[in-house]
Structure formats: structure tokens, C-alpha cells
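This briefing goes through one protein model by topic, beginning with a pair of strands and then widening to the sheet, the core and the chain as a whole. Please keep the sequence and the structure in view while reading.

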Amino acid sequence: GGNCVNYRDPTGLSTGGDDTYTTTTTGQMPPSAEWGLINPPPPDLNQDRMVQIANTAASDLGSTDWATANTYEKYGPGVPKCNIFVDSVLDEAGASSPNTSIPFWNNPAMAYEWHDLSNIMNDWSVITSPVPGAVGSDAAHVGIVAPDGTSTISVIRNGAVGNNDWGFRANQNMTWRGYTGN
């Protein structure tokens with residue numbers, strides 16, 4: 001158990017209420033609490049690199065290089081390549097791209113790995129809202145937020161790289177990640 005205890009603002013900066021922060025008598029905070037905050041501050045995103053990522057993805061619109069029916073590098077026909085598209089864009093934009101966590105399998109991170117909140121990805125932090133250049137996943141598919149910030153660029157059903165509202169549709173369970181590396 002433990003009880004919540006409210007404290008008066010020790011800084012004197014309160015703008016009205018006496019109970020400006022809360023702790024527990026057990027000393028335990030929720031797993032999301034960093035630095036004593038229930039909602040940790042957003043990560044410092046590399047905005048310049050994220051713009052490069054979004055623009056690089058946009059430059060591939062219409063390409064069928066990553067179509068499931070085609071061969072791309074070592075990935076043959078019949079292999080869905082949305083994660084390989086993301087990896088290619090990140091590489092071209094100069095951003096690090098995480099590999100899959102599957103042992104002994106040196107391939108780009110899979111859609112479900114981008115989506116898994118417990119999966120720590122170097123240079124990529126979970127963010128609460130999509131921004132241009134962010135990578136988004138619903139566990140089955142992965143894409144990149146377009147330069148307009150209101151749509152995604154990914155390999156779509158016809159096999160071409162397209163721009164649509166995937167990731168922004170109602171009732172989609174999305175994980176968004178922003179780039180924090182160099």
C-alpha cells in the first residue's frame with residue numbers, strides 16, 4: 001500500500017494551491033516517473049535530422065523498390081518490406097537505424113519492435129505525438145511521419161511508397177518514436 005501525501009510548494013512558486021505535488025509513503029513511484037515527475041519531459045529530439053528523415057521519405061514517393069512482390073537487396077519476393085523501407089530512409093538521412101532483437105539475425109527492427117514500449121532503441125525515444133520524421137508503428141506496419149506532420153509515408157497496399165492517413169486513423173494503437181541521436 002502506502003498513502004499519498006500532498007506537500008506545500010517548497011519553492012514558493014505556487015500560483016494558488018497548497019497541494020502542488022504528491023508523493024507516496026512507500027517511496028515508490030510509477031515506472032514512468034523520472035526525476036520525480038509523473039509525466040517525464042519529452043526527449044530532446046534532433047529536429048534537423050528528423051526533417052531530413054521526413055524529406056528523404058517524401059523523395060521516395062511512388063517508388064516500388066520495397067514492394068512485397070519485388071526483390072530489394074537480400075530480401076526477396078513475398079517478404080513485406082515496410083521495415084526495410086524505414087531502415088533505408090533512416091540510413092540515407094544519416095540517422096541510426098535499430099536492428100531486430102532476434103538473436104543472430106542482422107536485419108532492421110521489425111514493426112512490432114518499433115511498437116513495443118518496453119523495447120529500448122538507441123537514439124530513438126517514445127514520444128506522445130507524431131511529428132515530421134518520427135517513426136510510427138501499430139505492431140503490424142511501420143512508417144514515417146510526412147513533412148506535413150499529418151500523414152505518414154510508407155509502403156502501401158499497391159506496393160508503392162505512398163502518403164496517406166495510416167497512423168492517424170481513429171482507433172489505431174500507435175507507438176511514435178523520435179530521433180535523439182546525432
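## Strand pairing and overall build

In this predicted model, strand 6 and strand 7 (residues 161–164) run antiparallel and are joined by four bridges. The protein has three helices and eight strands, which follow one another along the sequence in the pattern β-β-α-α-α-β-β-β-β-β-β.

**The sheet**

- Six strands make up an open sheet, in the order 3-8-4-5-6-7, and their pairing is antiparallel.
- Strand 3 and strand 7 are at the edges of this sheet with a single partner strand each, so one side of each has no neighbour in the sheet.
- From one strand to the next, the twist averages 35°.
- Strand 6 and strand 7 form a hairpin in which five residues lie between the two strands, and G159, in the turn, has a positive phi of about 95°.
- Within this pair, S154 has G162 of strand 7 as its bridge partner.
- Strand 5 and strand 6 also run antiparallel, joined by two bridges, and here V145 stands opposite T152 of strand 6.
- As background to these pairings, strands of a sheet pair through backbone hydrogen bonds, in either a parallel or an antiparallel manner.

**S125 in an edge strand**

- S125 is found in strand 3, one of the two strands that stand at the edges of the sheet.
- Is S125 buried, partly exposed or exposed? Its relative accessibility is 22%, and because the buried class ends under 20%, S125 counts as partly exposed.
- Leaving out residues up to four places away in sequence, S125 touches P43, W176, R177, G178 and T180.
- One of these partners, G178, is 53 residues from S125 along the chain, yet the C-alpha atoms of the two are separated by 5.4 Å.

**Helix 2 and the nonpolar core**

- Helix 2 lies across strand 3, strand 4 (135–137), strand 5, strand 6 and strand 7, and runs at about 40° to strand 5.
- The largest nonpolar core comprises 34 residues, and those with the most contacts inside it are I53, F85 and W114.
- Two or more residues of this core come from each of helix 1 (47–59), helix 2 (82–92), helix 3 (111–115), strand 3 (124–127), strand 5 (142–145), strand 6 (152–155) and strand 8 (175–179).
- Helix 2 supplies six residues, which is the largest share of this core.
- W114, when its neighbours within four places in sequence are set aside, is in contact with V86, L90, P98, A109, M121, W124, V135, S137, V142, T175 and R177.

**The chain as a whole**

- Of the 182 residues in the protein, 39% are buried.
- Among contacts in the protein with a separation of 6 or more, 53% are between residues 24 or more positions apart.
- The accessible surface of the protein comes to about 10,500 Å², and carbon and sulfur atoms account for 50% of that area.

**Confidence**

- The mean pLDDT of the protein is 83, with 77% of the residues reaching 70 or more.
- Over residues 1–38, by contrast, the pLDDT is below 50, although this stretch has 38 contacts in the model beyond near neighbours in sequence.
- Where pLDDT is low, the predicted coordinates should not be read in detail.

Note on methods:
Residues numbered from 1 in each chain as written. Predicted model: local features only at pLDDT ≥ 70, side-chain atom pairs only at ≥ 80, totals over all residues. Heavy atoms only, no water. pLDDT = per-residue confidence, 0-100. Contact = heavy atoms within 4.5 Å. Core = buried A, V, L, I, M, F, W, Y, C linked by side-chain atoms within 4.5 Å. Buried < 20%, exposed > 50% of the residue type's maximum accessible area, 1.4 Å probe, protein only. Areas by Shrake-Rupley, 256 points an atom, 1.4 Å probe, with all protein chains shown as cover. Pairing = 2+ DSSP bridges. Axes fitted to C-alpha atoms, helices over the stretch in contact; angles between N-to-C directions.
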